[in-house]
Amino acid sequence: MKLYTLGCAGWIPGKNETSCFLVEQNNELIMLDAGTGVSNLKYHLDVWDKYDSFSVILSHYHLDHLIGLIYLPPFLKGKTMKIYGPGKPAYEKTTEEYLNEFFQTAFFPTPLKELADKVECYDYSASDFAIGDVKIKVNQQKHTSPSFQICIDDTLVYATDVCFEKDAWNHELKGNVLLHECCEIEAADPTHTTLTNLMTGIRPEQFDNIYLIHHNPEWTEDDWAVVEEKIRGTKISILNDGKMIEI
Ligand SMILES: [Zn+2]
Ligand SMILES: [Zn+2]
């Protein structure tokens, strides 16, 4: 499995763009979320051009995870795009209905179905599914609107926009890499995760590496220094855009 980091920031782009990762696994190309990090796709055309078809898995519909869909058209000629989102029953409408609203002509000139040669939308709701030979497990999380943890082939776990609750966390979950949001250092947040949550709530033996993503865009240099000091000597590290991780 190869993981490419296109957007490691939360909410507002700055040093990093917002949520977007590319995963290559078993001849499938999967985009995890489509935030402003899609703007970094131009640096990964060697990967992108190998595939006639790709899948986008949306963790939820907040705009910092969705806005990059409108940056995709220059890259979609001859492509089939499959979009998997949390539709019913977690939400009132299907993925296709939400995205058709997002792509209404008052907001963007090209309708969803005309973005690529072929556009297919699927609701993953609360059930696991497969993309080709790649197993995808999803788990609903507590957030302002439901978000989903996404686990790819029991290897990579992507957990963002989640209020970390030690009791809700799957302590049996195993994987090589965990990408987990970190929006606060210590102050409790009812919709997001703190560094303290991760350091005290996750057994280190669950993963080989834990990477902090969806960083708080309001962190100062002093805040970053505190984070770096706290994670020194642990399995936790800060992830930035422009990296390729072989898993
Ligand atoms: Zn977010
Ligand atoms: Zn969110």
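## Leu3 and its surroundings

Setting aside residues within four places in sequence, Leu3 is in contact with Phe21, Leu22, Val23, Leu156, Leu179, Lys243, Met244, Ile245 and Ile247. Leu3 itself belongs to strand S1, which covers residues 2-7. This is a predicted model, and in it Leu3 has a relative accessible area of 0%, so the residue is buried.

For a sense of distance across the chain, take Leu3 and Glu186: they are 183 residues apart in sequence, and their C-alpha atoms are separated by 29 Å. Glu186 comes up again below, as a contact of Thr194.

## Two zinc ions with a shared aspartate

Now to the metals. The zinc ion (ligand 1) and the zinc ion (ligand 2) sit 3.6 Å apart, with Asp161 coordinating both. Asp161 is buried, its relative accessible area being 2%.

## The site of ligand 1

Which residues coordinate the zinc ion (ligand 1)? They are Asp64 (OD), His65 (NE2), Asp161 (OD) and His214 (NE2), at 2.1 to 2.3 Å. Along the chain, these donors follow the spacing D-H-x95-D-x52-H. The pair of His65 and His214 links distant parts of the chain, 149 residues apart: His65 is in the loop between strand S4 (53-57) and strand S5 (80-85), while His214 is in the loop between strand S12 (209-213) and helix H4 (221-231). Both His65 and His214 are buried.

Why is the arrangement around the zinc ion (ligand 1) irregular? Its four donor atoms subtend angles of 94 to 161 degrees, whereas a tetrahedral site would need all angles between 85 and 135 degrees.

## The site of ligand 2

For the zinc ion (ligand 2), the protein donors are His60 (NE2), His62 (ND1), His143 (NE2) and Asp161 (OD), at 2.2 to 2.3 Å. This site is irregular too, with angles of 93 to 163 degrees among the four donor atoms. If you are scanning the sequence for the donors, the spacing to look for is H-x1-H-x80-H-x17-D.

His143 lies in the loop between strand S8 (134-141) and strand S9 (147-152), and Asp161 in the loop between strand S10 (156-159) and strand S11 (177-181), so this pair ties together parts that are 18 residues apart in sequence. His143 counts as buried because its relative accessibility is 11%.

## Lys79, a buried charge

The loop between S4 and S5, which holds His65, also holds Lys79. Lys79 is buried but has no salt bridge, and the nearest side chain of opposite charge, that of Asp49, is 4.8 Å away. The cut-off for a salt bridge is 4 Å.

What does lie by the side chain of Lys79 is the backbone oxygen of Trp48, 2.8 Å from one of its polar atoms. Beyond residues up to four places away in sequence, Lys79 touches Trp48, Asp49, Tyr51, Asp52, Phe54, Ala116, Asp117 and Lys118.

## Thr194, just ahead of helix H3

Thr194 is placed in the loop between S11 and helix H3 (195-201). Is Thr194 buried or exposed? With a relative accessibility of 2%, Thr194 counts as buried. The side chain of Thr194 reaches the backbone nitrogen of Asn197 at 2.8 Å.

Thr194 and Glu184 are 10 residues apart in sequence, with a C-alpha to C-alpha distance of 4.5 Å. Apart from neighbours within four places in sequence, the contacts of Thr194 are Cys182, Glu184, Ile185, Glu186, Ala187 and Ala188.

Terms used. Residues numbered from 1 in each chain as written. Chains lettered and ligands numbered in written order. Predicted model: local features only at pLDDT ≥ 70, side-chain atom pairs only at ≥ 80, totals over all residues. Heavy atoms only, no water. Donors = N, O, S within 2.8 Å, 3.2 Å for Na, K, Ca; no water. Tetrahedral: all angles 85-135°; square planar, octahedral: opposite > 155°, others 65-115°. Helix = DSSP H or I, 4+ residues; strand = E, 2+ residues; numbered from the N terminus. Buried < 20%, exposed > 50% of the residue type's maximum accessible area, 1.4 Å probe, protein only. Lys, Arg positive; Asp, Glu negative; His and termini not counted. Polar contact = N/O pair within 3.5 Å; in protein donor to acceptor, adjacent residues only side chain to side chain. Contact = heavy atoms within 4.5 Å.
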